[in-house]
Amino acid sequence: MAKKRPQTQAKRPQLSDGEIPVVGAREPCPCGSGRRYKACHGRAAAQAVTELVHRPFEGLPGECDWVALRELVPAATVELPLKGGLPEGVPSVTLATVLPMAWPALRRDDGSVLLGLQNDTASGDISRDLADTLQQALAAQPGTPVQGRRAPADGPRLQDLLDPEGAFEPVVHPGFEFWVPDAENATPEVSASLERANAAAIPTVKLTGVDAAYWCETPEKNHLRWVMPHPEEQLLDALARLHAAGKSSLGEGTRLVGSFRAHGLTVPVWDLPSEIGAEDVEKPAAEFAERLAAALATDAPLTADERRARGGLTNRQVTLS
């Protein structure tokens, strides 16, 4: 009996890692290995997607305000300039803290784009997720909301799409009326979402004399929350020096109560008496900024009192992201 000749299979074309498309986790990997995607090239893709970027807004103009609008401010908008200018048919691109129905983005009837900032993201890189949503919105049909999705691990980030020389100037609103240019013709769902959002919004004002400082009003007391760009350890040392010297307050009845971390930056928080409004804290904040600059320039070892003050500030620190 003649022996069977071994059958040979045609070789599949070799694909580079960058050419492997994303498929379902349980589907065969497109590279031809015979393994499921999740056990082959999907493993690296999943790791790239979930890896946390601690400072997603680093390198963007107004990084501190990006953090504030993501974590602190209920209702605000910012006009975003794109590299190379706006595409044809897109009169403007506007970043908004929140959009109706929690949409990630919206292409309005006139072609303008609204990009929502305070949404859940699919990966550990908020900048990449927002850039992917922005690209979808720019290509969407007018009058269409955009849904979130998992962004490609090698996709662009906001730093690749936005003009690095453009200004970042937040406009804080008392409510969310900017959602609907024509409120009378809004759908019932959008009107209901607008009513709920306005009821939950905490009154917030951006200070004009210092960068990225936001006053807010709550039922029991007011607060000042100030996003600062300085390295955390250096900033905590400087705050401790001022706290130990009795120079960390913003005036009578105010108190530095701690700080929190958000997207790689530190946000000191002051309690303010309920009668102190945003305009009342402008001058004290500017004076504090001068004291902080001097403390940041000091590199002498902390004294015993300053170390205790630093320990107290560190113990009251919370990480938001």
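Helices here are DSSP runs of H or I at least four residues long, numbered from the N terminus. With that in hand, let's walk through this predicted model.

**The whole chain.** Start with everything in cartoon view. You will find eight helices and twelve strands in the protein. Now colour by burial: of the 321 residues, 44% are buried. Switch on the surface, and you are looking at about 17600 Å² of accessible area, with 51% of that belonging to carbon and sulfur atoms. For contacts with a separation of 6 or more, 61% are between residues 24 or more positions apart.

**Helix α6.** Next, select residues 232-244, which form helix α6, and pick out Arg 241 within it. Is Arg 241 buried or exposed? Arg 241 has a relative accessible area of 12%, so it counts as buried. To see its surroundings, show Ala 295, Thr 298, Asp 299, Ala 300, Pro 301, Leu 302 and Glu 306: these are the contacts of Arg 241 once neighbours within four places in sequence are set aside. Try a distance label too: the C-alpha atoms of Arg 241 and Ala 295 lie 6.8 Å apart, although 54 residues separate the two along the chain.

**A pair of cysteines.** Finally, look for disulfides; the structure holds zero. Select Cys 29, which is in no disulfide, and its nearest cysteine sulfur, that of Cys 31, turns up 3.5 Å away. Why is there no bond from Cys 31 to Cys 29? Their sulfurs are 3.5 Å apart, which is too far for a bond, because a disulfide needs the two sulfur atoms within 2.5 Å. Colour this pair by burial as well: Cys 29 is buried at 5% relative accessibility, whereas Cys 31 is partly exposed at 22%.

Conventions
Residues are numbered from 1 along each chain as its sequence is written. This is a predicted model: local features need pLDDT of at least 70, side-chain atom pairs count only at pLDDT 80 or more; totals for chains, interfaces and linings use all residues. Side-chain values use heavy atoms; hydrogens and water are left out. Helices (H or I, at least four residues) and strands (E, at least two) are DSSP runs, numbered from the N terminus. Buried means under 20% relative accessible area, exposed over 50%, partly exposed in between (1.4 Å probe, protein chains only). Contact means heavy atoms within 4.5 Å. Accessible areas come from the Shrake-Rupley method with a 1.4 Å probe; for residues, only the protein chains shown count as cover.
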